[in-house]
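Hi everyone, thanks for coming. I'd like to walk you through a structure that may be new to you, so let's put it up on the screen.

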Amino acid sequence: MAIKGLKRKVVAKGKKQMLKFTIDCQQPVDDTIITPADLEKFLKDRIKVDNKTNNLGDRVTVSRDKAKIHVSAEAPFSKRYLKYLSKKYLKKQQLRDFLRVVAPNKTSYELRYFNINEDNDED
């Protein structure tokens, strides 16, 4: 016997939300300090899905377009994790003292040089 007014909750399985992020390496690539192919390989090897590396499957895709690296992933994926991995790559290449990872907008990061010349006004 069904209770009047009681309805089942129906969960609609829709398409998973895809998040798209970019890492712009234009400045260091112009000076031939890093190669975007190397950073792309580093990200493919290090990104963890379900706490396992080399488990990208079709949930996460990493692609490269000249000096930009595009990462598209299903919903539970943080932009901050990309920053962490980018900084880890810079540290491995011993470039962490010269380059920093900056977010110019909500969906992208950019590798920039530290501004060293700002200290000259103290004389």
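**Starting from one serine**

Let's begin with a small detail: the side chains of Ser108 and Asn105 are joined by a polar contact of 2.8 Å. Before I go on, please keep in mind that this is a predicted model.

So where does Ser108 sit? You'll find Ser108 in strand β7, which covers residues 108-113. And is Ser108 buried or exposed? Ser108 is buried, because its relative accessible area is 8%, and the cut-off for buried is under 20%. Leaving aside residues up to four places away in sequence, Ser108 touches Thr22, Lys79, Val102 and Ala103. I'll use some of those neighbours as our guides.

Okay, let's zoom out for a moment. The protein has 3 helices and 7 strands. If you read from the N terminus on, the elements go β-α-α-β-β-β-β-α-β-β. There are 123 residues in the protein, and 29% of them are buried. The exposed surface comes to about 9500 Å², with carbon and sulfur atoms supplying 48% of it. Now take the contacts between residues at least 6 apart in sequence: 57% of those join residues at least 24 apart.

Back to our guides, and Thr22 goes first. Thr22 has Ser108 in β7 as its bridge partner. That belongs to the pairing of β1 with β7, where the two run parallel and 3 bridges join them. Another bridge you can look for is Ile23 with Tyr109 in β7.

What else does β1 pair with? Strand β1, residues 18-24, also pairs with strand β5, residues 68-74, and here the sense is antiparallel, over 7 bridges. One of the bridge partners to look for is Ala73 in β5, which goes with Leu19.

Next guide: Val102. Strand β6, residues 99-105, is joined to β7 by 5 bridges, and these two run antiparallel. Val102 has its bridge partner in β7 too, and that's Glu110. How many residues lie between β6 and β7 in their hairpin? The hairpin has 2 residues between the strands.

One general point while we're looking at strands: in a regular strand, side chains alternate between the two faces of the sheet.

And then Lys79. Its charged end sits over the ring of Tyr109, 4.6 Å from the ring centre. So our serine touches Lys79, and Tyr109 is the residue bridged to Ile23.

Since we've got to rings, let's stay with them. The structure holds 4 aromatic pairs. One of them is Phe21 with Phe77: it's a tilted pair, 6.2 Å centre to centre, with 35° between the planes. This pair links distant parts of the chain, with Phe21 in strand β1 and Phe77 in the loop between β5 and α3, 56 residues apart. Are these two buried or exposed? Phe21 counts as buried because its relative accessibility is 9%, and Phe77 is buried as well, with a relative accessible area of 12%. Phe21 and Phe77 also belong to one aromatic cluster together with Tyr81 and Tyr84.

Let me pull it together. We started at a buried serine in β7. From there we saw β7 run parallel to β1 and antiparallel to β6, and we saw β1 pair with β5. Phe21 in β1 then took us across to Phe77 in the loop.

That's it from me, thanks for listening.

Definitions and conventions
Residues numbered from 1 in each chain as written. Predicted model: local features only at pLDDT ≥ 70, side-chain atom pairs only at ≥ 80, totals over all residues. Heavy atoms only, no water. Helix = DSSP H or I, 4+ residues; strand = E, 2+ residues; numbered from the N terminus. Buried < 20%, exposed > 50% of the residue type's maximum accessible area, 1.4 Å probe, protein only. Polar contact = N/O pair within 3.5 Å; in protein donor to acceptor, adjacent residues only side chain to side chain. Contact = heavy atoms within 4.5 Å. Areas by Shrake-Rupley, 256 points an atom, 1.4 Å probe, with all protein chains shown as cover. Pairing = 2+ DSSP bridges. Phe/Tyr/Trp six-rings, centres within 6.5 Å; stacked < 30°, edge-to-face > 60°. Lys NZ or Arg CZ within 6 Å of the ring centre and 35° of its normal.
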